[in-house]
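Me: Please take one part of this model and look at it closely, working outward from it to the rest of the chain. I would like a single connected account rather than a list.

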Amino acid sequence: MNTDSTSFETDTGVEYTPHSMMHKAVVQMDPTKLEMLDGFERADAGHKFTPQGSNVRVMVSGRDWSEKRVLVYGSKSSEEAKRHVETIINRVTEIDHSAELIEEPEITNIAVSGDLGTPLQLEALSIDLSDQGIDVEYEPEQFPAAIVKLDEVSVTFLLFSTGRFVIQGLRGFDDIEPAIAQVQNLIEEVDG
């Protein structure tokens, strides 16, 4: 699914846009000093690659003689993530080292933004949700959103007073609308 500027709407009229994904792939490659390749730099967790003309970041980690874990941050689709992984494979094979895709990129996290369509009283909402045993943090001096952690669909919501929201920690597209429905139900219970 390509999510480039594509908005969706739930049955209850909430608009949302998946805007950023994290993918994980596994590549078997010969020991290679990746920092010697153009565009790669050494980082604490391995090697960072920033594709030219993109906001995507790619991290390659693993021991010299093992499979490398490739994390692609900020892609808009699985196809885009695969292109970036293939770029790394091609860059390594261009210097006559072996590199082979072992596990296709799979989504490990999706970020979604949207609008509930109604302003929220975050202080009262935070107190009521906390009283219900919901994990919620609201410290407006530090961050302007209430941070609500849900269990049923294991995600984190950032709820803003305008009604806008960001969902983090989604594992698949099928979890988006159930997560939105769950937070809507919690808000309705508080308001009701």
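**Helix α1 and its surroundings**

Reply: In this predicted model, the buried residues of α1 are Glu80, Ala81, His84, Val85, Ile88, Ile89, Arg91 and Val92. The list includes charged residues, Glu80 and Arg91, alongside nonpolar ones such as Ala81 and Ile88. Because an α-helix has 3.6 residues a turn, residues three or four places apart point the same way. Ala81, Val85, Ile88 and Val92 are among the buried positions to read with that spacing in mind.

What do the buried residues of α1 pack against? Their partners are strands: β2, β3 (40-43), β4 (46-49), β5 (57-61), β6 (67-75) and β7. Two residues of the helix, Val85 and Val92, also belong to a nonpolar core of 18 residues, which includes Val56 and Val72 as well.

The helix itself runs over residues 78-94. Its 17 residues, at 1.5 Å a residue, should span 24 Å, and its end C-alpha atoms are 24 Å apart, so the two values agree.

Next, the two ends. Ahead of the helix, Ser77 sits in the loop between β6 and α1. Ser77 counts as buried because its relative accessibility is 4%, where the limit for buried is under 20%. Its side chain reaches the backbone nitrogen of Glu80 at 3.0 Å, and Glu80 is itself one of the buried residues of α1. The loop residue and the helix are therefore joined by a polar contact, the limit for which is 3.5 Å.

Beyond the other end, α1 is followed by Asp96, a residue of the loop between α1 and β7. Most residues other than glycine have a negative phi. Phi of Asp96, however, is positive, near 65 degrees. Asp96 is exposed, because its relative accessible area is 71%, whereas Ser77 is buried.

One side chain of the helix ties it to β7. Lys82 of α1 and Glu104 of strand β7 are 22 residues apart in the chain, and their side chains meet in a salt bridge with an N to O distance of 3.1 Å. Lys82 is partly exposed at 27% relative accessible area, and Glu104 is partly exposed at 44%. Lys82 does not appear among the buried residues of the helix.

The count of salt bridges comes to two. The other pair is Glu41 with Lys48, whose closest N and O atoms are 4.0 Å apart. Glu41 falls within β3 and Lys48 within β4, two of the strands that the buried residues of α1 pack against. Glu41 is partly exposed, with 44% relative accessible area, and Lys48 is partly exposed, with 26%.

Strand β6, also packed against by the buried residues of α1, holds Lys68. Is this lysine buried or exposed? Lys68 is buried, since its relative accessible area is 7%. A polar atom of its side chain lies 3.2 Å from the backbone oxygen of Gly62. Leaving aside residues up to four places away in sequence, Lys68 touches Ala25, Val26, Val27, Met29, Val60, Ser61, Gly62 and Arg63.

Finally, the wider setting. The largest nonpolar core has 29 residues, with Phe157, Leu159 and Phe165 making the most contacts inside it. Elements that each supply at least two of its residues include β2 and β7, strands that the buried residues of α1 also pack against. The largest share of this core, seven residues, comes from α3. Apart from it lies the core of 18 residues that includes Val85 and Val92. β2 and β7 therefore take part in the packing of α1 under the 4.5 Å contact limit and also supply residues to the largest core.

Definitions and conventions
Residues numbered from 1 in each chain as written. Predicted model: local features only at pLDDT ≥ 70, side-chain atom pairs only at ≥ 80, totals over all residues. Heavy atoms only, no water. Core = buried A, V, L, I, M, F, W, Y, C linked by side-chain atoms within 4.5 Å. Buried < 20%, exposed > 50% of the residue type's maximum accessible area, 1.4 Å probe, protein only. Helix = DSSP H or I, 4+ residues; strand = E, 2+ residues; numbered from the N terminus. Expected span 1.5 Å × (residues − 1). Polar contact = N/O pair within 3.5 Å; in protein donor to acceptor, adjacent residues only side chain to side chain.
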